[in-house]
Structures are given as C-alpha cells and as structure tokens.
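Work through the following exercises on strand pairing and helix packing. Each task is followed by a solution in steps.

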Amino acid sequence: MYTPPHPNRRALLRGALGLGTAAALTACAGGSATVRTSGEITLALWTHDPGYEAFFEKGIPQADRRTDFRYHLKVTRAGAPDIVTKLLAQAVAGRGTPDLVGFEIGSFPRMLRGDIAERLLYDLTDDIAAVPGLKADLLPARTAPFSKDGRVYALDSDTPMVVYFYRDDLFDRYNLPKQTVTWEEFADLGARVHQEHGASMCVVSTAGSDAGQVVQSFQMLLYQRGGAFFDADQNLVLDSPEAEDVLRFLCDGLRSGFVIDVSDYYGAAMQTALKQDRVIGLPMAIWYKNYGLVPNVPEQKGKWRVKALPRFARGGAATAAVGGTGFGVIKDKANTQATREFLFNTWLTHDGQVRRFTETGYLPTRRSVYDDPRLSAARDDFCGGQRLFPLYRELLPQVPPFHQSPDQSILYDVLAGNLLRAYHGDLSPRQALKQTAADFRDQAGR
Amino acid sequence: MTTAIAGPPRSTGDRADEADTARRPKSSWAPYLFISPFYLLYILFMLVPIVVSLWLSLTEWVGLGTPHWVGLRNYRLLATDISFHRALGNTAVFVLVAVCVVVPLALLIAQALNTRGLRVRDLWRTAYFVPVVVSPILVALIFGLVFDRQFGLANSVLRALFGTGGVDWLGDPSLAKASIALVMLWRWTGYLTVFFLAGLQNVPRELYEAAALDGAGRLRTFSTVTLPALKPVTAFVVVTSFIGAAQIFEEPYLLTGGGPAESTLSVTMFIYRAAFQRQQFGYAAAAAVVLFVLVFGLSRLVNRLLGIGRAS
C-alpha cells in the first residue's frame with residue numbers, strides 16, 4: 001500500500017506561503033456586497049468642509065428615527081479637488097471608496113467625463129421621483145450642475161445667491177446711497193469714492209495660482225447679466241454680447257478704481273484690503289460671509305450689511321448663483337441603500353434644510369422651505385442683526401440656471417489667462433472672449 | 001617540449017573542501033535571493049510603470065473603466081497642441097535658467113565661501129542651504145505675499161525707493177516667468193553651492209601655490225586650476241540641475257498655477273493637468289513619454305559633452 005510521504009519543511013513553508021498569499025488576496029478584494037437593510041451602520045463620509053461634517057453628525061438622530069438604521073459616521077476630510085482624485089484612485093483599486101461624498105461644484109465636472117458618473121455614482125433620479133412633490137420642489141438651478149443626461153448624481157448643499165456685501169458705516173460716512181441702483185450708476189459712485197477716499201466698491205481676483213477664483217469674479221456678473229459659460233447641452237456659449245458687456249464693465253472699473261484687483265479673495269491680500277478700508281463692498285455669493293469676511297475681519301462684526309446686486313441697465317437678473325457642493329452616493333456597495341436613506345432623511349427634509357441655513361448659512365434647495373417662518377426670523381450678528389432671509393426669498397425666482405461641462409476646467413484655464421490680459425489692457429474684452437473661445441475649441445475633446 | 005608546472009602539495013583539508021563543494025548543488029539560489037529585493041522593486045516601481053505608461057499613451061482613458069486603444073493619436077494631437085508647445089518652451093526657459101544662471105551663480109558663491117579667512121563660514125553655508133529645506137508650500141505662500149501687486153513687499157520696496165510700484169509680478173506673462181526663475185534661483189543656488197564647496201575643498205592646495213608661484217592672477221587661477229579641478233562636480237551638478245529643471249512642478253504650480261495664459265505652465269504641470277484635472281490619462285501618459293524621451297536623450301547628450309564616465 002502506498003503511504004504518502006510526510007511533507008518536509010520546505011513543502012510546509014511553500015504551503016504556508018501559498019495560503020498566506022491567498023488570504024492576503026482575499027482580504028484585498030472588495031468588501032462584502034451583501035446589501036445592508038437595517039441595524040447599526042457606519043457610513044464613510046468624505047468632505048472638504050467641516051460645516052458639512054457637523055451638519056451630518058447632528059442629523060443622525062433624525063435619520064435614525066426615520067429609517068431602520070442606526071447610523072455612525074466615519075469622516076475623512078480632504079481638499080475639494082483631492083476628493084475626486086482620491087475617489088477615482090480608490091475606485092480603480094476596487095476598494096476603500098466612501099459611501100457619501102461631497103463634490104465641490106467646480107470639481108464635479110471631472111465626474112462628468114466619459115462614463116465616470118454612471119459607473120461610480122448612484123443615480124438619484126428615481127429616488128427623487130419616488131418622494132411625492134419632491135421633484136417639483138427641488139430647484140432645477142441646483143440639480144442641473146450635478147446632472148448628466150437628465151439624471152441627478154448629487155444633491156446640492158446650497159442655493160448660493162450672489163449678493164452685495166458692503167460696509168454700512170463707510171457707506172454712511174461717504175454718503176453713498178444704499179438703495180439698489182444700476183451697476184452703471186454704482187460704478188460712477190465707485191469712481192468718485194476711489195478718487196476721494198482711495199476705496200473700491202468691487203473686487204476682481206487675480207490669483208494666478210487659482211484659475212477658479214479669477215473666473216469667479218467675472219462669472220458672477222456674467223450670469224447676473226444673463227450670459228453663461230455652457231448651455232444645457234454643454235455647448236460653450238461664452239462668446240456673447242452679455243459677456244463682452246460684463247468684461248468691459250470690469251475693465252473700465254479697474255481703470256477708474258471702482259474695481260480693485262486683489263490676488264486672493266480669502267488670503268492675506270484681501271485681509272489687508274479689508275482692514276485698510278480699501279475694499280468697502282463687493283459682489284459675492286452668500287457663503288463669502290463665512291469663508292471670507294468672518295475669518296479675515298472678525299473685528300468688523302456688525303459693520304457689514306447685505307443687499308441685492310445693482311442691475312445692469314441693459315438687462316439681466318437681480319442675482320446669480322456661484323458655488324455649491326453636491327453630495328453623491330457611491331453605487332453598488334453594501335451601504336448604498338443606507339446612504340441614500342441617510343442623505344434623503346437629513347439633507348432633503350424640510351427641517352434638515354432649515355437647519356442647514358441656521359447652522360451653516362447655506363440656503364435651502366427646496367422652494368417650499370423658503371416659506372418657513374423660522375428662516376425669515378433669523379438674524380445675522382455679523383451683519384448687524386440684519387434679517388437676511390427675506391432678501392434671499394425675494395431673489396430666489398431670479399436665480400439663473402447653471403450648467404456644467406466635462407471640459408469646464410479647460411475653459412477655466414484659458415478664460416483666466418485671457419481675463420487677466422483684458423484686465424491689464426493687453427487685449428480688448430472682445431478679443432479676450434474670442435481668444436478664449438478659440439483656445440477652448442483647440443483644447444477641448446483631446 | 002612541454003613543461004609541467006607542479007603546484008604546491010595539496011593538504012588533506014583542501015581535499016575535504018573539494019568534497020564539500022562537490023556535495024553542494026552546482027547552482028545555488030542564495031545569491032539571487034539576496035539581490036532579488038532590488039530587482040523586484042526595480043521591476044515593480046520602474047519597469048512596470050514605464051511599460052504601463054507606454055501602453056496607456058496609446059489609449060484614451062478617463063481614469064475609470066476600460067481604456068480605448070487609439071494608437072498614436074495622442075502623439076499626433078500633442079504635435080499640434082499649442083498648450084504643450086508652450087509648456088515645452090516654458091520648461092526650456094526654466095532649464096536654461098537652472099543651467100546657465102543657477103549653476104554659475106552657485107559656483108561663484110562657493111568660490112567666495114571658500115576664500116581663506118572668511119568668518120562664520122558655516123553660518124553662510126547654512127543660510128544658503130536653508131531655502132532647500134523649507135516646504136514648497138511655505139515658499140509659495142511667502143513669495144505670493146512678496147510678489148502681490150497691490151500689497152506685496154517687492155512693490156512696497158520699489159515704491160519706497162523709486163516712488164513707483166504696481167508691478168504685476170505674477171499677473172504679467174513675462175514677469176510671471178521671471179518671478180518663477182527668481183524663486184528657482186533663491187531655492188536651488190544654495191543647494192548647488194554645497195556641492196561646489198565640497199569640490200573646492202578637495203582641490204589640492206599645492207596647485208594654487210604652484211599657480212601663485214607662476215604669477216597667475218585670480219582669474220587665471222580660477223580658469224586654469226579651479227575649473228578643471230571641479231569638472232567632475234560641475235558635470236554632476238549640470239546634469240542633475242538639467243533633469244530637475246526639466247521636471248519643474250512645485251514652483252509654478254503653487255505660485256502661478258501655470259498662468260497667466262499658460263506663461264509658466266511646465267511640461268510636468270501639463271501632464272498633471274491632463275491627468276488630474278481633465279481626466280485625460282492617455283494624453284497625459286503620451287506627454288510623459290515625450291518628456292522622458294527628451295530628458296533621457298538630452299541628458300545623455302550633456303553627459304557626452306561633459307565627458308562623464310570617460311577616463312580623463
């Protein structure tokens with residue numbers, strides 16, 4: 001009878017190595033795909049903003065009450081562009097992706113390239129349709145930037161209307177009217193104020209290292225004037241009379257001193273300009289109070305006020321919307337269902353949207369929430385106790401639509417350069433826009 | 001006639017060793033095992049990425065899903081891409097600054113630091129070296145403040161001295177390039193100075209004494225003694241500076257973001273932008289391959305010109 005030989009030491013070692021490798025490979029494979037439908041659950045949340053982290057943490061009890069889950073959050077914070085880069089890297093690796101991701105609006109177009117969004121993000125369209133009245137209640141201007149082919153892949157955090165921030169004390173001292181006037185009249189006043197007091201009433205960013213900032217200064221007024229970067233079909237529509245109007249307005253403002261160029265809206269240059277009373281007002285999205293004014297000039301608390309933008313004499317709306325962060329759910333994971341339910345039961349509830357404004361300053365993305373009396377009653381200490389919400393509610397119908405394109409970063413790169421050349425007087429506004437369109441066509445779609 | 005050469009008588013020990021050797025397997029894996037970590041790492045982190053990059057450069061890939069084979073399309077597009085041409089031109093300027101300005105300046109500073117009787121030599125050496133160890137983020141922050149058009153230190157100094165300021169250091173295309181070059185100069189000169197200083201300290205004193213006896217002046221001594229003695233160090237410094245400047249990324253990325261109007265966009269920034277801002281991984285890989293070929297080819301040429309690796 002044949003007796004199998006006892007394995008020697010080398011064979012045992014080989015076997016152990018093989019088993020170890022197999023175990024390691026198994027461990028490296030993706031986690032269990034069994035869908036979780038109830039119970040204790042820890043969601044991995046990636047965000048660039050601690051405000052969102054706090055919001056979701058506080059929303060856990062509400063989500064627990066409304067779902068079959070008991071939620072915990074594991075939060076990872078990273079820079080806005082890094083979140084997309086890391087997400088894609090983890091997706092390629094096949095593991096380590098988060099459950100819930102906050103996409104800063106300027107970084108989201110990367111998800112629109114090819115079929116990345118479809119492959120990676122859960123399509124929220126049907127879930128939105130399943131909640132009675134929700135689809136009609138959500139502002140299309142805030143779902144469009146995070147949509148592709150009519151499918152919604154993320155839910156926006158804000159309706160970041162552009163308003164005019166101004167120093168109430170200095171406006172009084174310089175006898176400046178506070179009623180909304182046209183931009184053209186406002187620019188004349190601004191030129192006078194600059195001549196007499198060395199102050200400016202409008203700002204453009206010239207931060208070379210941040211094309212987004214340079215573009216933003218122009219973008220706010222462009223959208224207010226009725227222009228746009230892209231249409232709903234992602235075609236470039238920048239080269240327009242509206243765009244030329246706005247760029248000429250800014251260039252003229254720079255020459256007269258009504259507009260000042262500051263290298264960074266958020267950094268030392270802006271801080272200096274604000275502290276030295278060189279900037280006494282600026283058009284900006286509502287979140288700038290929390291990210292630009294409060295951190296840079298806390299001692300000016302109570303001196304700032306908010307009002308509607310002046311209008312352009314040749315047409316346009318009373319506001320625009322700049323910025324935002326869309327929260328998306330990663331698809332085909334064990335936690336996908338739990339994450340969807342968490343998002344809907346914190347982010348989209350009426351109370352959740354009220355809380356978002358009162359705790360973080362971000363405006364609701366549902367029309368119906370604008371009628372909530374708690375929001376109208378809220379007062380803002382930094383703005384001298386001003387009740388801001390009635391103004392925002394008044395502006396809401398005029399928020400223009402905003403569409404993004406996967407080639408948006410190309411546009412930002414070429415537009416930023418040409419804007420700076422126009423500001424310097426090296427190109428006329430017309431030439432700058434034509435050159436931008438030509439450069440974009442040359443680079444897009446490579 | 002043949003002559004037999006008899007060796008020394010063999011001892012019993014020798015015979016025992018021979019027997020041991022005969023018993024051992026003829027090809028042992030042990031040496032290969034010992035050197036394998038290097039080759040494994042080399043394959044994993046050098047050869048595999050190079051091969052994958054080459055393959056990726058022949059595809060179109062957004063970063064997720066399956067890459068689509070497009071053959072040489074990416075290379076054809078690069079050949080007509082104005083941005084890429086600008087990036088190549090800008091990089092060439094940075095390389096010229098590094099090789100033609102930073103290296104000679106470092107040599108001059110090293111020569112000055114090597115002067116006999118110089119006090120607190122170590123302090124000077126440290127002062128010149130410090131910029132290398134400062135985080136690039138800090139460098140960008142500090143120089144961002146220095147070069148700010150409205151509130152920057154550079155313009156304040158100009159205003160105080162000449163009554164004129166408002167120079168747009170980072171916003172004007174030509175000045176932005178010059179500003180990056182200035183930062184390069186500030187950051188790398190001290191680093192290269194250390195190499196030259198080490199080389200200078202190894203030049204035999206007797207050569208200088210002989211030159212002095214021959215009546216050579218400072219310039220003559222420098223050109224006939226110092227420069228030839230420093231040739232190996234110079235060759236090393238030139239090649240590493242060339243390769244480093246050809247891959248410049250941090251300074252323009254942090255200070256100007258490649259702008260304005262792509263006037264400071266380097267090739268590595270072009271690659272980064274294509275891959276991580278525009279999701280064009282195939283295109284980025286093609287640009288990386290072009291950069292690799294250019295750097296490799298030109299550094300071989302520089303090696304040959306400087307006679308690196310050849311017997312003197």
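**Exercise 1.** Determine how many bridges join strand S1 of chain A to S2(A), and how the two strands run.

Solution. In this predicted model, S1(A) covers residues 39-47 and is joined to S2(A) by nine bridges. The two strands run parallel. One pair can be named: Trp46(A) has Thr76(A) of S2(A) as its bridge partner.

**Exercise 2.** Place these strands in their sheet and state which strands lie at the edges.

Solution. The sheet is open and has five strands, in the order S2-S1-S3-S12-S6 of chain A. Its pairing is mixed. Strand S2 (69-77) and strand S6 (155-156) of chain A pair on one side only, and these are the edge strands. Helix H2 (residues 50-66) of chain A packs on the sheet, where it touches S1, S2, S3 (100-104) and S12 (325-329) of chain A. The direction of H2(A) makes about 175 degrees with that of S2(A). Helix H15 (residues 336-346) of chain A lies across S1, S2, S3, S6 and S12 of chain A and runs at about 90 degrees to S2(A).

**Exercise 3.** Classify the crossing of helix H4 and helix H11 of chain B.

Solution. The axes of H4(B) (residues 82-113) and H11(B) (residues 231-246) come within 8 Å and cross at roughly 150 degrees. Angles over 145 degrees count as roughly antiparallel, so H4(B) and H11(B) are roughly antiparallel to each other. Their crossing is right-handed. The contact includes Phe94(B) and Val95(B) of H4(B), and Val238(B) and Phe242(B) of H11(B). The contact residues comprise ten nonpolar, two polar and no charged.

Conventions:
Residues are numbered from 1 along each chain as its sequence is written. Chains are lettered from A and ligands numbered from 1 in the order in which they are written. This is a predicted model: local features need pLDDT of at least 70, side-chain atom pairs count only at pLDDT 80 or more; totals for chains, interfaces and linings use all residues. Side-chain values use heavy atoms; hydrogens and water are left out. Two strands pair if DSSP finds at least two bridges between them. Helices (H or I, at least four residues) and strands (E, at least two) are DSSP runs, numbered from the N terminus. Contact means heavy atoms within 4.5 Å. Axes are lines fitted to C-alpha atoms, for helices over the stretch in contact, and angles run from 0 to 180 degrees between N-to-C directions. Angles under 35 degrees count as roughly parallel, over 145 as roughly antiparallel, 65 to 115 as roughly perpendicular and the rest as oblique. A crossing is left-handed if the near helix is turned anticlockwise from the far one by less than a right angle, and right-handed if clockwise. Ala, Val, Leu, Ile, Met, Phe, Trp, Tyr, Cys and Pro count as nonpolar, Asp, Glu, Lys and Arg as charged, and the others, Gly among them, as polar.
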